[in-house]
Amino acid sequence: DRDSSPESEQLARSMAEGLGIETLKIDLTDGLKGFGCYEKRDSAVKRAVPEFDPAVDKMKIVLPQNLLGEATLNVFSVVVIKPDGTEIKKRLNPRDYLEIVAASNMKQRARMSMLYYEAEARNYCVVGTANRNEHGLGFFVKYGDGGVDLQPIAHLYKTQVYEIAKY
């Protein structure tokens, strides 16, 4: 979608090429607009940071630094990055945080719907990438990246996946 990192696409294409897998790029932006995905996310961000302009600004959700090393609360903030690099950081209330997460999860579910369409049209299966850490902690989106036919690396810890990736 319009928010996807070009670097992610390059890495995916490189991996697929190395494995001899055909790639296909499908832009889900219009469908996500139809669902109100960006509008819902952006309105939640604007409630926290009124000067947020989704046409030019970037945003991300963050936790406090050194969360484990200090006695601090696990409270999320939104960081708005202006075109000149200026950052505005504001604490998110639970409602706005949950709306931003829900909109982000909508993207993963739309992506999974398209993956299943393409897989079924070719009589393929959908293969997941969750590792043992992610799967065990439930760090996936239900019916999104967690809704797959096979989980070939679900038994591997993230450190093991990194070791394999070196080869």
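**Figure 1. Surroundings of Asp96 in the predicted model.** Apart from neighbours within four places in sequence, Asp96 is in contact with Ala44, Arg47 and Ala48. The model shown here and in the following views is predicted. Asp96 belongs to helix H4. Because its relative accessibility is 3%, Asp96 counts as buried, the cut-off being under 20%. The side chains of Asp96 and Arg47 are joined by a polar contact of 2.7 Å. Arg47 is thus named twice in this view, as a contact of Asp96 and as its polar partner.

**Figure 2. Helix H4 from end to end.** Helix H4 comprises the 29 residues 94–122. At 1.5 Å a residue these should span 42 Å, and the end C-alpha atoms are 42 Å apart, so the expected and modelled spans agree. At the start of H4, a side-chain oxygen of Asn93 comes to within 3.1 Å of the backbone nitrogen of Arg95. Just after the helix, Asn123 adopts a positive phi of about 60°.

**Figure 3. The buried residues of H4 and their cover.** Asp96, Ile100, Ala103, Asn105, Met106, Lys107, Ala110, Met112, Glu118 and Ala119 are the buried residues of H4. Their cover includes helix H2 (29–35), helix H3 (37–48) and strand S1 (58–62). For Ile100, the residues touched are Arg41, Ala44, Val45, Met59, Ile61 and Leu92, with residues up to four places away in sequence not counted.

**Figure 4. The antiparallel sheet.** Three strands, in the order S1-S2-S3, make up an open sheet with antiparallel pairing. S1 and strand S3 (87–91) are the edge strands, each pairing on one side only. From one strand to the next, the twist averages 20°. S1 is joined to S2 by 5 bridges, and 5 bridges also join S2 to S3. On the S1 side, Met59 has Val80 of S2 as its bridge partner, and Ile61 stands opposite Val78 in S2. On the S3 side, Val80 has Ile88 as its bridge partner. S2 and S3 form a hairpin with 5 residues between them, and Gly85 in the turn has a positive phi of about 95°. Helix H3 lies across S1, S2 and S3 and runs at about 95° to S2.

**Figure 5. Strand S2 and the setting of Ser77.** Strand S2 spans residues 77–81 and contains Ser77. The strand is mostly covered, with 4 of its 5 residues buried. Ser77 counts as buried because its relative accessibility is 10%, where the limit is under 20%. Beyond its neighbours within four places in sequence, Ser77 is in contact with Lys60, Ile61, Val62, Lys89, Lys90, Arg91 and Leu92.

**Figure 6. Two nonpolar cores.** In soluble globular proteins, nonpolar side chains tend to be buried together. The largest nonpolar core of this model consists of 10 residues, namely Ala44, Val45, Ala48, Val49, Phe52, Val78, Val80, Ile88, Leu92 and Ile100. H3 and S2 are the elements that give two or more residues to this core. The greatest share comes from H3, with 3 residues. Another core, of 7 residues, lies apart from the largest one and has Leu28, Leu32, Met106 and Ala110 among its members. Met106 and Ala110 are also among the buried residues of H4.

**Figure 7. The protein as a whole, for orientation.** The protein has 6 helices and 3 strands, which follow the pattern α-α-α-β-β-β-α-α-α along the sequence. Its C-alpha trace spans about 45 × 40 × 30 Å along the principal axes. Of its 167 residues, 25% count as buried. Among contacts with a separation of 6 or more, 52% are between residues 24 or more positions apart.

How values were computed
Residues are numbered from 1 along each chain as its sequence is written. This is a predicted model: local features need pLDDT of at least 70, side-chain atom pairs count only at pLDDT 80 or more; totals for chains, interfaces and linings use all residues. Side-chain values use heavy atoms; hydrogens and water are left out. The expected span of a helix is 1.5 Å times one less than its number of residues. Buried means under 20% relative accessible area, exposed over 50%, partly exposed in between (1.4 Å probe, protein chains only). Contact means heavy atoms within 4.5 Å. A polar contact is a pair of N or O atoms within 3.5 Å; within protein, one must be able to donate a hydrogen and the other to accept it, and residues adjacent in sequence count only if both atoms are side-chain atoms. Two strands pair if DSSP finds at least two bridges between them. Axes are lines fitted to C-alpha atoms, for helices over the stretch in contact, and angles run from 0 to 180 degrees between N-to-C directions. A nonpolar core is a set of buried Ala, Val, Leu, Ile, Met, Phe, Trp, Tyr and Cys residues joined through side-chain atoms within 4.5 Å.
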